[in-house]
Structures are given as C-alpha cells and as structure tokens.
Amino acid sequence: MLERVAGDPPAGRGLRAIGPHRSGTLAVVTRKLSLARACGSIALRYAFAINPAARAELAGWRIRAGEIPDPMLRKLALEALRKEGNMYGAALFAVLAPPRRRGDTVRALVAFQAAYNYLDVLSEHPAYDQGANARRLHEALLDALDPSAP
C-alpha cells in the first residue's frame, strides 16, 4: 500500500511504502547488516589473532625444515613451506574455534597443512612406482591423525 507524504511534489513522487512490505524491507536490511557485522568480526579476528599465530607457526616450521640433515629432503620441505596460501587458508578455520582454543587450533591446522604439502611435494618426486609411493605417503598422514595408530 502506498501513501502520499504531505508536502511531496505531484506526479506520483513522494510515495512511501507502508504496511507489511515496509517491515519486510527493514528485516532484510537488518539481516544484511547483521551478516556484514559477522563478516567484519571474522575479518578482524583473522587479521589480529589468527594470521599472526599462523605466521609464527610457519616461522617455526621453516626453522625445523632448515634443520633436516638430508639436503634433498630439506630442499623439498622448504619448497612445501613456500605454499603459504594453503597454510593461511587452513588457519582461517580457526575463527570458528572458541577463543581459548584458537592457538591450539591454528597450530594443528598449520601443522596438518604443512605435513600435507610436504607429502604432496614428496609424492611428486620421482619414484619407481609414483602412484603407490603417493598412496603410502598420504596413508602416513592419516595414521598421524589416528590416536589409536601405533
């Protein structure tokens, strides 16, 4: 339903919505603002808590990789750690963790992604049976996540 607003110019201008349509519009705007606020909160949480923690974890992994005695494995480990986007992307999921668990969550996510990247690089390295080699390496990653595995 439309209503003429006093003092508005003629020719159909100055009409405003009243009734259920208006409240529906308000509800849509409220939902959009709520979504924008949630996205902003996630972005701030990532920028000021998650990203610095992920950066620190990556620095630690680079130190560990640099200490690998075998030169070829050290080179491959450092190559895998250059895929930073994967690790920062994995760390993003830590925004869903409760505040007191975020540090542990970032540590676990970055470690898992670093291990996955390393195994991926190793599996691409020439081997007698590259398919079987890749399967065995990735099964090792699954074993690492299984608390009942030896």
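1. Throughout this note, buried means under 20% relative accessible area, exposed means over 50%, and partly exposed covers what lies in between, with a 1.4 Å probe and protein chains only. Arginine 55, at 46% relative accessibility, therefore counts as partly exposed; this arginine is found in helix α1, residues 20–66. The C-alpha atoms of arginine 55 and valine 110 are 9.4 Å apart in space, although 55 residues separate the two in sequence.

2. The model is a predicted one, in which local features need pLDDT of at least 70 and side-chain atom pairs count only at pLDDT 80 or more, whereas totals for chains, interfaces and linings use all residues. Residues are numbered from 1 along each chain as its sequence is written, and side-chain values use heavy atoms, with hydrogens and water left out.

3. On the overall fold, the protein has five helices and two strands, taken as DSSP runs numbered from the N terminus (helices H or I, at least four residues; strands E, at least two). Along the sequence these follow the pattern β-β-α-α-α-α-α, and of the 150 residues in the protein, 21% are buried.

4. The largest nonpolar core (a set of buried Ala, Val, Leu, Ile, Met, Phe, Trp, Tyr and Cys residues joined through side-chain atoms within 4.5 Å) has 15 residues, and Ile50, Val106 and Val110 touch the most other members. At least two residues of this core come from each of α1, α2, α3 (84–91) and α4, with α1 giving the most, namely five.

5. Helix α2 (residues 71–81) has Leu76, Ala77, Ala80 and Leu81 buried. Seen down the axis of α2, the buried residues fall within an arc of 140 degrees, so they line one face of the helix; the arc is that of the directions from the helix axis to the C-beta atoms. The N-terminal end of α2 is capped by aspartate 70, a side-chain oxygen of which lies 2.9 Å from the backbone nitrogen of methionine 72.

6. Five salt bridges are counted, each requiring a side-chain nitrogen of Lys or Arg within 4 Å of a carboxyl oxygen of Asp or Glu. One of them joins the side chains of glutamate 84 and arginine 62 (2.2 Å, N to O); because glutamate 84 lies in helix α3 and arginine 62 in helix α1, the pair ties together parts that are 22 residues apart in sequence. Another joins lysine 83 and aspartate 120 (3.6 Å, N to O), and since lysine 83 lies in the loop between α2 and α3 and aspartate 120 in helix α4, this pair ties together parts that are 37 residues apart in sequence.

7. Glu57, Arg101, Asp104 and Arg107 are linked in a network of salt bridges. Within this network, the side chains of aspartate 104 and arginine 107 meet at 2.8 Å, N to O, and these two residues, three apart in helix α4, are separated by about one helical turn. Glutamate 57, in helix α1, is buried at a relative accessible area of 18%, whereas arginine 107 is partly exposed at 40%.

8. At the surface, Phe112, Tyr116, Leu142 and Leu145 make a nonpolar patch of about 390 Å², to which α4 (102–124) and α5 (130–145) each supply at least two residues. Patches are made of residues with over 30% relative accessible area and no salt bridge, like charges being joined within 9 Å and nonpolar side chains (Val, Leu, Ile, Met, Phe, Trp, Tyr) within 5 Å; accessible areas come from the Shrake-Rupley method with a 1.4 Å probe, and for residues only the protein chains shown count as cover. Leucine 142, in helix α5, counts as exposed at 58% relative accessibility.

Notes
A polar contact is a pair of N or O atoms within 3.5 Å; within protein, one must be able to donate a hydrogen and the other to accept it, and residues adjacent in sequence count only if both atoms are side-chain atoms.
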